[in-house]
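Work through the exercises below with the sequence and the model open. Each task is followed by a solution in steps.

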Amino acid sequence: VPLKRQMKDNMEKQLSPEAYELLTFIGKEADSLGMKAYLIGGMVRDLLMSRKNEDMDIVVEGDGITLADHLQQKYGGHVRSHEEFRTATWKYSYAFKVDLTSARTEYYDFPAALPKVELSTIKEDLFRRDFTINAMAICLHRDEFGELIDYFHGFEDLKQRQIRILYNLSFVEDPTRILRAIRFESRFHYAMDQQTEALAVESANNLLSVSKSRIANELSRLFMEENPLFSVKRFVKLGLLPFLIKDTDTETIILQRIKRLYDAVYRIKKSEVQVNNSLWIIYVLFLTTIKNKSWMEVEKYCLTKEDMKLLSNLQLLLKSDPLLDWSYHATKDEWHEVFSEFEVEVLISYFSLYPNVLTQGCDYLIAREKLTSIITGEDLIENGFDPGPHFRKLLLESEKIQLNNPKITSKEIIEHLISRNDI
Ligand code: ATP
């Protein structure tokens, strides 16, 4: 018997009026087709935690595609459906995307295999989920609208701040759940309960049988959370490293290196330097020895072109390795002369490998971010410079001058450029 709790007031208070209305439509239209619809997963969890989340996952006792098509006919938008899994995505408007799945039971042929599908009920659908806090549903059916359905005591675990699997073989069936558990620990500052943690340790070797792309998918989401250092500490504690990377470095070195990168990123972000998401792949790289063989292994984890590009640009920079004999007294313009062409993500990763000058490297990145282009190509032409490839050098020179004298005016820069006849 599931624990029941009325959530209607919470929903009205926390959700945007549009989201609330959309959920009532979905419930009503499912009713009219003789189906029952439930809101499920992350959004239910986040409602209970008062965190903003309007990504609607709907499970239907009935057929998800039929309901999606019906909603689309009645309210507009677009539907994309996947026949094989009886799932559909209804893009209702710019703001709302609704995923609809048919309640189902899944049988696993062998660990980490793709599931076979058979239509079934909500409880069984909830039972195949990862953790109790993600295995709650809210009923959207007429009189039961807003009722929380909680078969596995997710609400209790939420109060206890616990990540708990639903059955003992959970991590064996899908070892990527171990990485997901750490992701939720990290995001919510929760902890796995004792038994879940023990089973994570016991099942860790099963990660070896999972495809690189599924691991990469979870690793990327994990390292995009706020605190990658936490996650790596958990990898060490649970003994996961050897099952994620063949060429691992020693734990002490890994933790030092990752802490440096994490602290440096934290610092520059605080000073409004934008760092993009592809940085996650560097956290993977920093688990390795960063020797020749490491790059190939990490490349296999790349998910996007940006990930690949970041990795190869860092490799390139490490080949010339300018910081190897860098002067402690280098001025900002000297940093800029060498590093102006490289992106923030490449540089912050590279600088993290040099603890002695990391602070200055961060200072440089922060100063560089504040650079405004007070000189343009047109200014140069107006002041009698002939257009050509050397403009790039002149503009770089102008940035170097600005880095050393942030208050300088454009007129003074032009005068300086005119006085230089070596460019
Ligand atoms: P986020 O807030 O980061 O989007 P989420 O909880 O929505 O997190 P998703 O990865 O988007 O997580 O998955 C949506 C839901 O699908 C989860 O709440 C969970 O119930 C279920 N789920 C996802 N992956 C798995 C898995 N590997 N095993 C079992 N259930 C899963």
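## Exercise 1: The chain as a whole

Task: State what share of the contacts in the protein chain, counted at a separation of 6 or more, comes from residues 24 or more positions apart. Then describe the dimensions, burial and domains of the chain.

Solution.
1. Residues 24 or more positions apart supply 64% of the contacts with a separation of 6 or more in the protein chain. The model is predicted.
2. Along the principal axes, the C-alpha atoms fill a box of roughly 85 × 50 × 35 Å.
3. The protein chain has 423 residues, and 35% of them count as buried. Its secondary structure comprises 22 helices and twelve strands.
4. The division is into domain 1 (3-160), domain 2 (166-243), domain 3 (245-324 + 340-359) and domain 4 (377-419). Between the C-alpha centres of domain 1 and domain 3 there are 39 Å.

## Exercise 2: The ligand

Task: List the residues that surround the ligand, sort the shell by residue class, and say where the ligand lies relative to domain 1 and domain 2.

Solution.
1. Around the ligand are G41, G42, R129, D130, N134, D174, T176 and R177.
2. By class, this shell has four polar residues, four charged residues and no nonpolar ones.
3. Domain 1 (3-160) and domain 2 (166-243) both contribute to the shell, so the ligand lies between them.

## Exercise 3: Nonpolar cores

Task: Find which members of the largest nonpolar core touch the most other members, then follow the contacts of Y38.

Solution.
1. The largest nonpolar core has 95 residues, of which Y38, L39, I58, A137 and I281 touch the most other members.
2. Leaving out residues up to four places away in sequence, Y38 touches I58, V59, I122, A137, I138, C139 and L140.
3. Another core, of five residues, lies apart from the largest one; I375, I413, I414 and L417 are among its members.

## Exercise 4: Helix 8 and the residue after it

Task: Check the length of helix 8 against the expected span, list its buried residues, and decide whether H189 is buried or exposed.

Solution.
1. Helix 8 (residues 176-188) has 13 residues, which at 1.5 Å a residue should span 18 Å; the end C-alpha atoms are 19 Å apart, in agreement with this.
2. Buried in helix 8 are R177, I178, L179, A181, I182, R183, F184, E185 and S186.
3. These buried residues pack against strand 11 (162-163), helix 7 (170-173), strand 12 (191-192), helix 9 (194-203), helix 10 (212-223) and helix 11 (228-238).
4. H189 sits in the loop between helix 8 and strand 12. Its phi is positive, about 55°.
5. H189 has 10 C-beta neighbours inside 10 Å, so H189 counts as exposed.

## Exercise 5: Helix 18 and E369

Task: Work out how many residues of helix 18 are buried and what covers them, then place E369.

Solution.
1. Of the eight residues of helix 18 (residues 344-351), seven are buried. They are E345, V346, L347, I348, S349, Y350 and F351.
2. Their cover includes helix 13 (251-270), helix 14 (280-285), helix 16 (305-320), helix 17 (332-339) and helix 19 (358-370).
3. E369 is in helix 19. With 13 other C-beta atoms within 10 Å, E369 is partly exposed.
4. Setting aside neighbours within four places in sequence, E369 is in contact with E272 and V273.
5. E369 and P17 are 352 residues apart in sequence, and their C-alpha atoms are 39 Å apart in space.

How values were computed
Residues numbered from 1 in each chain as written. Predicted model: local features only at pLDDT ≥ 70, side-chain atom pairs only at ≥ 80, totals over all residues. Near = placed C-beta within 6 Å. Nonpolar A, V, L, I, M, F, W, Y, C, P; charged D, E, K, R; others polar. Domains from an automatic or database assignment. Core = buried A, V, L, I, M, F, W, Y, C linked by C-beta atoms within 7 Å. Buried ≥ 20, exposed ≤ 12 C-beta atoms within 10 Å, placed from the backbone. Contact = placed C-beta atoms within 7 Å. Helix = DSSP H or I, 4+ residues; strand = E, 2+ residues; numbered from the N terminus. Expected span 1.5 Å × (residues − 1).
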